[in-house]
Amino acid sequence: MELWLDIKKKLPGFTLQVKFAAGADITGLLGASGAGKSMTLRCIAGLEKPDEGSIILNGQVLFDSSKGIDLPARKRKVGFLFQNYALFPNMTVEENITFALDGKKTAQNRETTRQMLKMIKLEGFEKRYPHQLSGGQQQRVALARALTAEPRVLLLDEPFSALDEHLRSQMVKQLLEVLADYRGITLFVTHNIEEIYRMAGKLVVIADGRIEACGVKEDVFQNPATVSAARLTGCKNFTEAKVLGPQEVQALDWGVKLKVKPVGENGVSHIGIRAHYLSRAGEDSRENVFNCWPSFVNDTPFRNTVYLTLERQPSGSGDYHLQWEMPRERWLELKDQPLPWKICLESDKIMTLKP
């Protein structure tokens with residue numbers, strides 16, 4: 001099973017230009033709203049036509065601008081789960097699912113529908129209408145309908161965006177359980193970092209219509225190549241950097257020198273460090289240890305974000321260099337410690353980045 005696409009489509013404000021392959025692992029498309037993620041799915045499904053390029057599924061050409069091939073959506077065997085689920089409001093749950101089987105109430109279709117309802121754990125809901133279901137239940141019906149037609153590709157466009165945080169977590173788990181038995185290709189679109197990390201094995205990061213990073217999710221999160229890729233995967237601390245040596249840079253916005261991983265021949269323009277990687281310096285800390293002062297603290301019930309200035313006291317709450325995220329318990333231990341605190345930015349946690 002492999003989906004290959006290399007397409008280009010002009011959109012208002014930017015041009016979508018993406019090239020990647022998707023296989024057995026769930027492929028996640030991560031990016032801000034308007035980056036081109038949903039349009040990529042719509043081109044795969046045949047709902048939108050690229051200006052140029054090709055889309056190939058298991059050796060079959062779905063689209064090729066140079067050969068004049070553009071297979072209709074109904075012939076692509078693609079299942080699409082939209083953000084709003086797109087259930088038919090005048091149809092019951094079983095009728096919505098059976099619609100994917102040609103809508104006929106045959107004994108075989110009834111049995112298939114029964115099996116799908118069992119799979120999504122909605123037995124007994126056959127005669128209900130969409131408005132009588134919760135958001136999570138509607139999502140499961142839409143997923144069952146998409147899978148009933150046995151698609152070769154399943155496209156999930158922000159399927160959890162309408163759900164509250166608690167239900168969203170439950171649905172991620174249930175969706176993974178359902179997809180464990182699916183033998184096709186799955187593409188999952190979101191701008192939620194935690195969702196995509198739980199769902200996807202491969203990650204494609206898109207910004208302004210272009211791919212910023214692509215690969216195994218662990219690699220993309222640990223070693224993003226660009227500032228945009230690092231930001232989209234959750235990094236909050238950046239500075240322009242001047243290379244001073246093979247493993248030393250001047251952090252221009254932070255006013256300090258830092259030891260970093262080997263820079264390489266191509267150099268760097270920025271460095272970054274994730275907010276949860278900051279740590280208090282221990283007695284054995286030898287490098288990248290700095291005095292710091294808090295300028296502002298953002299409280300949540302379980303975590304705190306502390307805004308820090310390095311090597312000087314802040315002039316106000318908006319004067320800071322770094323964000324430091326920590327569990328609330330750690331903050332309660334730290335907050336009454338005498339100032340300045342000693343903080344450590346471990347060199348192997350510092351990302352060297354291109355623009």
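Let's start with one pair of residues: Phe296 has Tyr307 as its bridge partner in strand S18. That pair belongs to a predicted model, and the protein in it has nine helices and 21 strands. From there, we can look at the sheets, the strand S8, the helix pairs and the nonpolar cores.

**The sheet around Phe296 and Tyr307**

- Strand S17 covers residues 289–299 and strand S18 covers residues 303–310, and the two pair in the antiparallel sense over seven bridges.
- These two strands sit in an open sheet of five strands, and the order across the sheet is S16-S20-S17-S18-S19.
- The pairing in this sheet is antiparallel.
- At the edges you'll find strand S16 (279–280) and strand S19 (322–327), each pairing on one side only.
- If you're wondering what holds paired strands together, strands of a sheet pair through backbone hydrogen bonds, either parallel or antiparallel.

**Another five-stranded sheet**

- An open sheet of five strands runs in the order S14-S13-S12-S15-S21, with antiparallel pairing.
- Here the edge strands are S14 (256–259) and S21 (351–353), and each of them pairs on one side only.
- Going from one strand to the next, the twist averages 40°.
- Inside this sheet, strand S12 (residues 237–245) and strand S15 (residues 270–273) pair in the antiparallel sense over four bridges.
- To spot this pairing on screen, look for Asn237, which stands opposite Ile273 in S15.

**Strand S8 and its neighbours**

- Strand S8 takes in residues 153–157, and five of its five residues are buried.
- Which residues cover each side? Val153, Leu155 and Asp157 are on one face of S8, Leu154 and Leu156 are on the other, and all are buried.
- S8 pairs with strand S7 (residues 78–81) in the parallel sense, over four bridges.
- One bridge there links Gly79 to its partner in S8, Leu154.
- S8 also runs parallel to strand S9 (residues 185–190), and five bridges join the two.
- On the S9 side, Asp157 stands opposite Val189.
- Leu154 has plenty to touch: leaving aside neighbours within four places in sequence, its contacts include Gly79, Leu143, Leu179, Tyr182 and Ile185.

**Helices packing together**

- As background, two packed helices are described by the angle between their axes and the distance between the axes.
- H4 and helix H5 (residues 165–179) pack at an angle of about 20°, with their axes 11 Å apart.
- That angle makes H4 roughly parallel to H5, because angles under 35 degrees count that way.
- H4 passes H5 in a right-handed crossing.
- From H4, the contact uses Gly136, Gln139, Arg140, Leu143 and Leu147, while H5 brings Leu167, Met171, Gln174, Leu175 and Val178.
- Helix H3 (residues 107–119) packs against H4 too, at an angle of about 135° and with the axes 10 Å apart.
- H3 and H4 are therefore oblique to each other.
- Their crossing is right-handed.
- Thr112, Met116 and Met119 of H3 meet Ala144, Leu147 and Thr148 of H4.

**The nonpolar cores**

- In soluble globular proteins, nonpolar side chains tend to be buried together.
- The largest nonpolar core here has 41 residues, and Val141, Leu143, Leu154, Leu156, Leu179 and Met199 have the most contacts inside it.
- Helix H4 (residues 135–148) gives this core its largest share, six residues.
- There's also a second, separate core of 28 residues, with Phe20, Ile55, Leu71 and Val204 among them.

**A closer look at Ser54**

- Ser54 lies in strand S4, which covers residues 52–57.
- Is Ser54 buried or exposed? Ser54 is buried, with a relative accessible area of 15%, because buried means under 20%.
- Not counting residues up to four places away in sequence, Ser54 touches Trp4, Leu5, Asp6, Ile7, Phe63 and Asp64.

**The whole protein**

- The protein has 355 residues, and 47% of them count as buried.
- Its C-alpha trace spans about 75 × 50 × 35 Å along the principal axes.
- Of the contacts with a separation of 6 or more, 63% come from residues 24 or more positions apart.

Conventions: Residues numbered from 1 in each chain as written. Predicted model: local features only at pLDDT ≥ 70, side-chain atom pairs only at ≥ 80, totals over all residues. Heavy atoms only, no water. Core = buried A, V, L, I, M, F, W, Y, C linked by side-chain atoms within 4.5 Å. Buried < 20%, exposed > 50% of the residue type's maximum accessible area, 1.4 Å probe, protein only. Contact = heavy atoms within 4.5 Å. Pairing = 2+ DSSP bridges. Axes fitted to C-alpha atoms, helices over the stretch in contact; angles between N-to-C directions. Parallel < 35°, antiparallel > 145°, perpendicular 65-115°, else oblique. Left-handed = near helix turned anticlockwise from the far one by under 90°.
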